[in-house]
Amino acid sequence: MWMLSFVPDAILYAVVIGIMFAGISLYAFSFITRVLPPLIPYTGMIRILGTILTVVGIYFFGSYSTEMEWRNKVAELEAKVAVSEQQSKDANTKIQTVVKEKIKYVKETRVVIQEHIKNVETKIDSMCKVAPEAVDILNEAAATPGVKK
Amino acid sequence: MKKLLIALTVLMITGCAMFSPTPVKRTFPAVPSELMEACPDLKKTEPTEKLSEVLKVVVDNYGQYHECKIKVDTWVEWYKTQKDIFESVK
(Lines give C-alpha, C1' and ligand atoms only; values in the text may rest on other atoms or scores of the structure.)
Protein backbone atom coordinates (compact mmCIF):
# COMPACT_ATOMS: atom_id res chain seq x y z
CA MET A 1 0.00 0.00 0.00
CA TRP A 2 2.93 2.33 0.66
CA MET A 3 3.56 2.33 -3.08
CA LEU A 4 0.36 4.34 -3.47
CA SER A 5 2.20 7.28 -1.94
CA PHE A 6 4.24 7.51 -5.15
CA VAL A 7 1.11 7.88 -7.32
CA PRO A 8 0.40 11.55 -8.16
CA ASP A 9 -2.59 13.15 -6.40
CA ALA A 10 -4.54 13.82 -9.60
CA ILE A 11 -4.31 10.21 -10.81
CA LEU A 12 -5.31 8.85 -7.42
CA TYR A 13 -8.26 11.23 -7.25
CA ALA A 14 -9.36 10.35 -10.79
CA VAL A 15 -9.21 6.61 -10.04
CA VAL A 16 -11.17 6.93 -6.79
CA ILE A 17 -13.86 9.17 -8.32
CA GLY A 18 -13.91 6.94 -11.42
CA ILE A 19 -14.63 3.83 -9.35
CA MET A 20 -17.35 5.63 -7.38
CA PHE A 21 -18.89 7.12 -10.50
CA ALA A 22 -18.79 3.78 -12.32
CA GLY A 23 -20.46 2.06 -9.37
CA ILE A 24 -23.23 4.64 -9.02
CA SER A 25 -23.76 4.69 -12.80
CA LEU A 26 -23.98 0.91 -13.00
CA TYR A 27 -26.36 0.85 -10.06
CA ALA A 28 -28.59 3.47 -11.72
CA PHE A 29 -28.26 1.70 -15.05
CA SER A 30 -29.55 -1.52 -13.47
CA PHE A 31 -32.96 0.17 -13.11
CA ILE A 32 -33.03 1.08 -16.80
CA THR A 33 -32.19 -2.47 -17.87
CA ARG A 34 -35.70 -3.49 -16.83
CA VAL A 35 -37.05 -1.73 -19.90
CA LEU A 36 -34.34 -3.12 -22.19
CA PRO A 37 -35.34 -6.74 -22.90
CA PRO A 38 -31.89 -8.02 -24.01
CA LEU A 39 -30.35 -6.80 -20.72
CA ILE A 40 -33.09 -8.05 -18.37
CA PRO A 41 -31.16 -11.28 -17.50
CA TYR A 42 -28.14 -9.18 -16.42
CA THR A 43 -30.03 -6.73 -14.22
CA GLY A 44 -29.11 -8.48 -10.97
CA MET A 45 -25.48 -8.87 -11.93
CA ILE A 46 -25.17 -5.21 -13.01
CA ARG A 47 -26.77 -4.07 -9.76
CA ILE A 48 -24.43 -6.22 -7.67
CA LEU A 49 -21.42 -4.98 -9.62
CA GLY A 50 -22.62 -1.38 -9.23
CA THR A 51 -23.08 -1.85 -5.49
CA ILE A 52 -19.63 -3.41 -5.09
CA LEU A 53 -17.96 -0.65 -7.10
CA THR A 54 -19.81 2.05 -5.12
CA VAL A 55 -18.79 0.48 -1.81
CA VAL A 56 -15.16 0.08 -2.95
CA GLY A 57 -15.19 3.64 -4.29
CA ILE A 58 -16.42 5.03 -0.97
CA TYR A 59 -13.82 2.98 0.87
CA PHE A 60 -11.09 4.33 -1.39
CA PHE A 61 -12.42 7.87 -0.98
CA GLY A 62 -11.87 7.58 2.77
CA SER A 63 -8.35 6.32 2.13
CA TYR A 64 -7.73 9.10 -0.35
CA SER A 65 -8.77 11.79 2.16
CA THR A 66 -6.34 10.42 4.74
CA GLU A 67 -3.60 10.12 2.16
CA MET A 68 -4.06 13.74 1.13
CA GLU A 69 -3.95 14.85 4.74
CA TRP A 70 -0.68 12.97 5.25
CA ARG A 71 0.79 14.35 2.06
CA ASN A 72 -0.05 17.89 3.18
CA LYS A 73 1.57 17.24 6.53
CA VAL A 74 4.65 15.79 4.83
CA ALA A 75 4.87 18.78 2.47
CA GLU A 76 4.53 21.15 5.44
CA LEU A 77 7.25 19.32 7.35
CA GLU A 78 9.52 19.17 4.31
CA ALA A 79 9.22 22.94 3.94
CA LYS A 80 10.12 23.40 7.61
CA VAL A 81 13.07 21.01 7.23
CA ALA A 82 14.31 22.94 4.18
CA VAL A 83 14.17 26.21 6.16
CA SER A 84 15.97 24.62 9.12
CA GLU A 85 18.66 23.17 6.85
CA GLN A 86 19.28 26.61 5.39
CA GLN A 87 19.42 28.11 8.90
CA SER A 88 21.84 25.36 9.85
CA LYS A 89 24.10 26.16 6.88
CA ASP A 90 23.99 29.88 7.66
CA ALA A 91 24.87 29.21 11.29
CA ASN A 92 27.78 27.03 10.18
CA THR A 93 29.12 29.72 7.86
CA LYS A 94 28.88 32.29 10.66
CA ILE A 95 30.59 29.98 13.17
CA GLN A 96 33.29 29.11 10.63
CA THR A 97 34.04 32.79 9.97
CA VAL A 98 34.19 33.63 13.67
CA VAL A 99 36.44 30.66 14.55
CA LYS A 100 38.83 31.50 11.67
CA GLU A 101 39.09 35.12 12.82
CA LYS A 102 39.68 34.14 16.45
CA ILE A 103 42.39 31.60 15.56
CA LYS A 104 44.03 34.11 13.22
CA TYR A 105 44.10 36.67 16.04
CA VAL A 106 45.66 34.12 18.44
CA LYS A 107 48.35 33.23 15.86
CA GLU A 108 49.12 36.89 15.18
CA THR A 109 49.37 37.63 18.90
CA ARG A 110 51.75 34.71 19.30
CA VAL A 111 54.00 36.08 16.55
CA VAL A 112 54.01 39.51 18.19
CA ILE A 113 54.98 38.03 21.55
CA GLN A 114 57.72 35.90 19.98
CA GLU A 115 59.11 39.04 18.35
CA HIS A 116 58.99 40.77 21.70
CA ILE A 117 61.00 37.93 23.25
CA LYS A 118 63.59 38.22 20.48
CA ASN A 119 63.98 41.91 21.22
CA VAL A 120 64.73 41.34 24.90
CA GLU A 121 66.42 37.97 24.49
CA THR A 122 69.90 39.17 25.47
CA LYS A 123 68.60 40.96 28.52
CA ILE A 124 66.58 37.95 29.71
CA ASP A 125 69.40 35.46 29.15
CA SER A 126 72.04 37.65 30.84
CA MET A 127 69.99 37.92 33.99
CA CYS A 128 68.94 34.29 34.37
CA LYS A 129 70.31 30.81 33.84
CA VAL A 130 67.85 27.95 33.69
CA ALA A 131 68.68 24.80 35.63
CA PRO A 132 68.27 21.56 33.60
CA GLU A 133 65.81 20.32 36.27
CA ALA A 134 63.52 23.24 35.50
CA VAL A 135 63.35 22.22 31.84
CA ASP A 136 62.66 18.62 32.84
CA ILE A 137 59.82 19.71 35.13
CA LEU A 138 58.36 21.90 32.43
CA ASN A 139 58.52 19.04 29.89
CA GLU A 140 56.98 16.68 32.39
CA ALA A 141 54.08 19.07 32.82
CA ALA A 142 53.72 19.47 29.06
CA ALA A 143 53.58 15.71 28.44
CA THR A 144 50.14 14.35 27.61
CA PRO A 145 48.90 12.48 30.70
CA GLY A 146 48.76 8.73 30.31
CA VAL A 147 50.93 8.68 27.17
CA LYS A 148 54.62 7.81 27.39
CA LYS A 149 56.80 9.19 24.60
CA MET B 1 -31.42 5.33 4.66
CA LYS B 2 -29.89 6.43 7.99
CA LYS B 3 -28.34 2.99 8.50
CA LEU B 4 -26.95 3.07 4.99
CA LEU B 5 -25.34 6.46 5.63
CA ILE B 6 -23.81 5.20 8.90
CA ALA B 7 -22.52 2.08 7.14
CA LEU B 8 -21.01 4.17 4.34
CA THR B 9 -19.33 6.52 6.84
CA VAL B 10 -17.87 3.56 8.73
CA LEU B 11 -16.65 2.10 5.47
CA MET B 12 -15.00 5.37 4.50
CA ILE B 13 -13.29 5.70 7.87
CA THR B 14 -12.04 2.10 7.67
CA GLY B 15 -10.40 3.00 4.39
CA CYS B 16 -8.45 5.72 6.18
CA ALA B 17 -6.05 3.15 7.57
CA MET B 18 -5.08 1.98 4.09
CA PHE B 19 -2.20 4.39 3.44
CA SER B 20 0.94 4.75 5.44
CA PRO B 21 2.65 8.14 5.87
CA THR B 22 5.88 8.87 3.99
CA PRO B 23 8.76 9.67 6.36
CA VAL B 24 10.46 13.04 5.98
CA LYS B 25 14.24 12.78 5.56
CA ARG B 26 16.46 15.03 7.62
CA THR B 27 20.18 15.34 7.15
CA PHE B 28 22.58 15.83 10.03
CA PRO B 29 24.25 19.25 9.79
CA ALA B 30 27.89 19.21 8.75
CA VAL B 31 30.48 20.33 11.29
CA PRO B 32 32.85 23.12 10.17
CA SER B 33 36.18 21.54 9.15
CA GLU B 34 38.10 23.82 11.54
CA LEU B 35 36.44 22.10 14.47
CA MET B 36 37.35 18.62 13.25
CA GLU B 37 41.09 19.21 13.65
CA ALA B 38 42.54 17.59 16.75
CA CYS B 39 44.44 19.72 19.24
CA PRO B 40 48.19 19.03 18.96
CA ASP B 41 50.31 17.97 21.93
CA LEU B 42 52.09 20.68 23.89
CA LYS B 43 55.62 21.49 22.70
CA LYS B 44 58.55 20.41 24.83
CA THR B 45 61.62 22.46 25.58
CA GLU B 46 65.02 21.32 24.28
CA PRO B 47 67.68 21.15 27.00
CA THR B 48 68.97 24.71 27.35
CA GLU B 49 70.16 27.24 29.89
CA LYS B 50 68.59 30.17 28.07
CA LEU B 51 65.39 31.43 29.62
CA SER B 52 64.39 33.05 26.32
CA GLU B 53 64.30 29.61 24.65
CA VAL B 54 62.12 28.24 27.42
CA LEU B 55 59.90 31.30 27.20
CA LYS B 56 59.39 30.82 23.44
CA VAL B 57 58.11 27.27 23.98
CA VAL B 58 55.87 28.41 26.82
CA VAL B 59 54.40 31.17 24.64
CA ASP B 60 53.81 28.66 21.83
CA ASN B 61 52.04 26.35 24.25
CA TYR B 62 49.88 29.17 25.58
CA GLY B 63 48.93 30.04 22.01
CA GLN B 64 48.10 26.41 21.34
CA TYR B 65 45.90 26.34 24.43
CA HIS B 66 44.03 29.45 23.26
CA GLU B 67 43.43 27.88 19.85
CA CYS B 68 42.08 24.72 21.47
CA LYS B 69 39.91 26.75 23.83
CA ILE B 70 38.40 28.56 20.84
CA LYS B 71 37.67 25.21 19.18
CA VAL B 72 36.05 23.72 22.28
CA ASP B 73 33.97 26.86 22.92
CA THR B 74 32.93 26.87 19.28
CA TRP B 75 31.93 23.19 19.49
CA VAL B 76 29.64 24.05 22.42
CA GLU B 77 28.19 27.02 20.54
CA TRP B 78 27.79 24.94 17.38
CA TYR B 79 25.94 22.19 19.28
CA LYS B 80 23.60 24.64 21.01
CA THR B 81 22.81 26.50 17.77
CA GLN B 82 22.22 23.34 15.76
CA LYS B 83 20.13 21.81 18.55
CA ASP B 84 17.90 24.90 18.67
CA ILE B 85 17.46 24.81 14.89
CA PHE B 86 16.78 21.06 14.95
CA GLU B 87 14.21 21.35 17.71
CA SER B 88 12.43 24.25 16.02
CA VAL B 89 11.06 21.78 13.43
CA LYS B 90 8.03 20.02 14.88
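Me: Axes here are lines fitted to C-alpha atoms, for helices over the stretch in contact, and angles run from 0 to 180 degrees between N-to-C directions. At what angle do the axes of α2(A) and α2(B) cross?

Reply: This is a predicted model. In it, the axes of α2(A) and α2(B) come within 10 Å. Their crossing angle is roughly 170°.

Me: Are α2(A) and α2(B) roughly parallel or roughly antiparallel?

Reply: The axes cross at roughly 170°. Angles over 145 degrees count as roughly antiparallel. So α2(A) and α2(B) are roughly antiparallel.

Me: How many nonpolar residues does the contact of α2(A) with α2(B) have?

Reply: Sort this contact by class. It has six charged and 11 polar residues. The nonpolar residues number 13.

Me: What scores does the model get?

Reply: Take chain B for its pLDDT. Its mean is 85, and 84% of the residues in chain B reach 70 or more. For the model, the scores are ipTM 0.73 and pTM 0.68.

Me: In what order do the elements of chain A run?

Reply: Chain A has four helices and zero strands. From the N terminus on, its elements therefore run α-α-α-α.

Me: What share of the residues in chain B is buried?

Reply: Chain B has two helices and zero strands. In chain A, buried residues make up 12% of 149 residues. Chain B has 90 residues, and the buried share is 11%.

Me: Which helix gives the most to the side of chain B that touches chain A?

Reply: The contact takes 48 residues from chain A and 50 residues from chain B. On the chain B side, α1 (2–15) and α2 (51–88) each supply at least two residues. With 20 residues, the one that gives the most is α2(B).

Me: How many charged residues are on the side of chain B that touches chain A?

Reply: Split that side by class. Its nonpolar residues number 24, and its polar residues 15. The charged ones come to 11.

Me: How far does α2(B) reach from its first C-alpha to its last?

Reply: α2(B) has 38 residues. At 1.5 Å a residue, 56 Å is expected. The reach in the model is close to that, at 55 Å.

Me: Against which helices do the buried residues of α2(B) pack?

Reply: First, find the buried residues. In α2(B) they are B:Leu55, B:Gly63, B:Glu67, B:Ile70, B:Thr74 and B:Gln82. They pack against two helices of chain A, α2 (43–119) and α3 (121–127).

Me: Is A:Ile95 buried or exposed?

Reply: A:Ile95 is found in helix α2 of chain A. A residue needs 20 or more other C-beta atoms within 10 Å to count as buried. A:Ile95 has 20, so A:Ile95 is buried.

Me: Which residues is A:Ile95 in contact with, leaving aside its neighbours within four places in sequence?

Reply: Look across to chain B. One of the residues in contact, B:Thr74, is itself buried in α2(B). The full list is B:Pro32, B:Thr74, B:Glu77 and B:Trp78.

Me: Is B:Ala30 buried or exposed?

Reply: B:Ala30 lies in the loop between α1 and α2 of chain B. The cut-off for exposed is 12 or fewer other C-beta atoms within 10 Å. B:Ala30 has 11, so B:Ala30 is exposed.

Me: How far apart in space are B:Ala30 and B:Gln82, C-alpha to C-alpha?

Reply: B:Gln82 is one of the buried residues of α2(B). In sequence, B:Ala30 and B:Gln82 are 52 residues apart. In space, C-alpha to C-alpha, the distance is 9.9 Å.

How values were computed:
Residues are numbered from 1 along each chain as its sequence is written. Chains are lettered from A and ligands numbered from 1 in the order in which they are written. This is a predicted model: local features need pLDDT of at least 70, side-chain atom pairs count only at pLDDT 80 or more; totals for chains, interfaces and linings use all residues. Two residues are in contact if their C-beta atoms, placed from the backbone, lie within 7 Å. Ala, Val, Leu, Ile, Met, Phe, Trp, Tyr, Cys and Pro count as nonpolar, Asp, Glu, Lys and Arg as charged, and the others, Gly among them, as polar. pLDDT is the predictor's confidence in each residue, from 0 to 100. The expected span of a helix is 1.5 Å times one less than its number of residues. Angles under 35 degrees count as roughly parallel, over 145 as roughly antiparallel, 65 to 115 as roughly perpendicular and the rest as oblique.
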